[in-house]
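Me: Hi! I've got a model open and would like to talk it through with you. Can you take a look?

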Amino acid sequence: MAAFLGSFLQYGIIMAILAVIAAAGAMVGKKLRENKDAKSATVHIGSGRK
């Protein structure tokens, strides 16, 4: 029984670590997308390029 609980706890810890990594990746991706959208929404007036 102790081996089962130990294994269960190990998988629970791994799942929690992977969930944190996934959440961090989603936040970084959202931040990068917002920065890219903000740059593309900027209007360049008088740059001389077409």
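Me: Which residues form a nonpolar patch on the surface?
Reply: L9, Y11, I13, I14, I17, L18 and I21 do, with about 740 Å² of accessible area together (Shrake-Rupley method, 1.4 Å probe, only the protein chains shown counting as cover for residues). Patch residues have over 30% relative accessible area and no salt bridge (a side-chain nitrogen of Lys or Arg within 4 Å of a carboxyl oxygen of Asp or Glu). Like charges are joined within 9 Å, and nonpolar side chains (Val, Leu, Ile, Met, Phe, Trp, Tyr) within 5 Å.

Me: Where is I17 found?
Reply: I17 is in helix α1, residues 2–41. Helices (H or I, at least four residues) and strands (E, at least two) are DSSP runs, numbered from the N terminus. The protein chain has 1 helix and 0 strands.

Me: And is I17 buried or exposed?
Reply: I17 is partly exposed, at 48% relative accessible area. Buried means under 20%, exposed over 50%, and partly exposed in between (1.4 Å probe, protein chains only).

Me: New topic: how many aromatic pairs are there?
Reply: The count is 1 (ring centres of Phe, Tyr or the six-membered ring of Trp within 6.5 Å). F4 and F8 are stacked, 6.1 Å centre to centre with 25° between the planes. Planes under 30 degrees apart count as stacked, over 60 as edge-to-face and the rest as tilted. F4 is exposed at 52%, and F8 is exposed at 58%.

Me: Any caveats?
Reply: This is a predicted model, where local features need pLDDT of at least 70, side-chain atom pairs count only at pLDDT 80 or more, and totals for chains, interfaces and linings use all residues. Residues are numbered from 1 along each chain as its sequence is written, and side-chain values use heavy atoms, with hydrogens and water left out.
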